[in-house]
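Please explain how the metal site of this protein is put together and where its ligating residues sit along the chain.

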Amino acid sequence: MYKILIVDDSEPVKEFLSFQLRQLDCEAAPAVGSTAISMAVKFIPDMVLLDIEITAVSVLDLIRELRSHDEFKNTPVIILSSRADKTTIMSAFTGGADDYILKPVNTGLLFSKIIGWQNLEMETNWTGITHNQGKALRLLKVIMDESFENLRKSAPLSAASVRNACELLYLTIEAEGAGAIVKAVAGYNTTLFLHSLLMCVYIMMFTRYKGYAKDDCIDMAMGGLLHDIGSVKVPNNILFKPGKFNISEYNDSGLHVKYGIEIMDKTPDLPQAVKNICRCHHERIDGSGFGGIKAEGICTEARIAAIVETYCAITAKTGDSDSKTAAEAIPTLMSFQNQLDPKLLEAFKEAAMNDFKSNLL
Ligand SMILES: [Fe+2]
Ligand SMILES: [Fe+2]
């Protein structure tokens, strides 16, 4: 779980932020200026939210002291402040802060900043991969950022850009294998981008393993990348809610499929497989999915996406524990026989235990 230290003199602000951060599945610890360092040493946060107006100690001294500890040299420090003047903002950045948010805190903005920093943290793990592999992953990131932005503006996606990024991934895997790429992204299922990237990579690997033609693999990978794109319009407190949804939240969460399809219908030249995956990736063979569609009504593309999505959830890193290996994850995956296509499940098991073993994980 992502850990965030909140340093603020105001109890109501700390309570409000702690509550909001729990919606994002983050663990929050409160502190005031005088207890911030001792709390940081005990709690070891992944990020610090620091109110610029704390009284017991100067913010710049506090950042300096924090940075003097090796484990906090690169910990993102986000300043919360009601001061919008350039001098204050610049002195915060030159004093070692990484980001700046104006009070009263806009929760959506705070969430997107945290998600951005989480993505960045994962990207630092892209150092073990080759130049071309890094280029492919970064292009996917750029294209997804563009797609998220398009969706926010209800503008059509660029099918050609998404295809180019997926084709570069295909060519890179063809030339250099997928082991390093999968190692770099495996288990990172926390943010919308990271989840979409995982889906894209695993779907591409599985369809290649199944012997799909290059263009079909790319179509399927595009579907993996875009399957949850409509989530951009779902409120963050629902999108990132840990644990189970109540009925109304469940229905709201299902809206991401509707929003995704709406934008895809406006997008020219998008392969049918992409729409199929978006429309039906939450449907289950026994009819227990969002739309209650049963076996015969669910296309193969969406059945594959449902298996890969379940695999992503099972292998996700949790807390401080590493991503599960294929061997550890497969027994749990196979227990979903009633919900996932049994034949494809067997094929996925074979792929994960053989090809995935030597080439992917
Ligand atoms: Fe998903
Ligand atoms: Fe989804």
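Along the sequence, the donor residues of the iron ion (ligand 2) follow the spacing D-x27-H-x24-H-H. Two of these residues bring together distant parts of the chain: His256 belongs to helix H12 (residues 247–265), while His281 lies in the loop between helix H13 (272–280) and helix H14 (300–315), 25 residues apart. In this predicted model, the protein donors of the iron ion (ligand 2) are Asp228 (OD), His256 (NE2), His281 (NE2) and His282 (NE2), at 2.0 to 2.2 Å from the ion. The arrangement is irregular because the angles among the four donor atoms run from 85 to 176°. His256 counts as buried at 4% relative accessibility, and His281 is buried at 0%.

Asp228 also leads to the other metal. This residue bridges the iron ion (ligand 2) and the iron ion (ligand 1), which are 3.6 Å apart.

The iron ion (ligand 1) has His195 (NE2), His227 (NE2), Asp228 (OD) and Glu309 (OE) as protein donors, at 1.8 to 2.2 Å. Its four donor atoms form angles of 82 to 165°, and the site is irregular. The donor spacing for the iron ion (ligand 1) is H-x31-H-D-x80-E. Here too the chain is linked across a distance: His195 is in helix H9 (residues 192–209) and His227 in the loop between helix H10 (214–226) and helix H11 (236–239), 32 residues apart. His195 is buried, with a relative accessible area of 10%, and His227 is buried at 0%.

As for the overall layout, the domain assignment gives domain 1 (2–105) and domain 2 (128–360). The centres of domain 1 and domain 2, taken over C-alpha atoms, are 35 Å apart.

Definitions and conventions: Residues numbered from 1 in each chain as written. Chains lettered and ligands numbered in written order. Predicted model: local features only at pLDDT ≥ 70, side-chain atom pairs only at ≥ 80, totals over all residues. Heavy atoms only, no water. Donors = N, O, S within 2.8 Å, 3.2 Å for Na, K, Ca; no water. Tetrahedral: all angles 85-135°; square planar, octahedral: opposite > 155°, others 65-115°. Helix = DSSP H or I, 4+ residues; strand = E, 2+ residues; numbered from the N terminus. Buried < 20%, exposed > 50% of the residue type's maximum accessible area, 1.4 Å probe, protein only. Domains from an automatic or database assignment.
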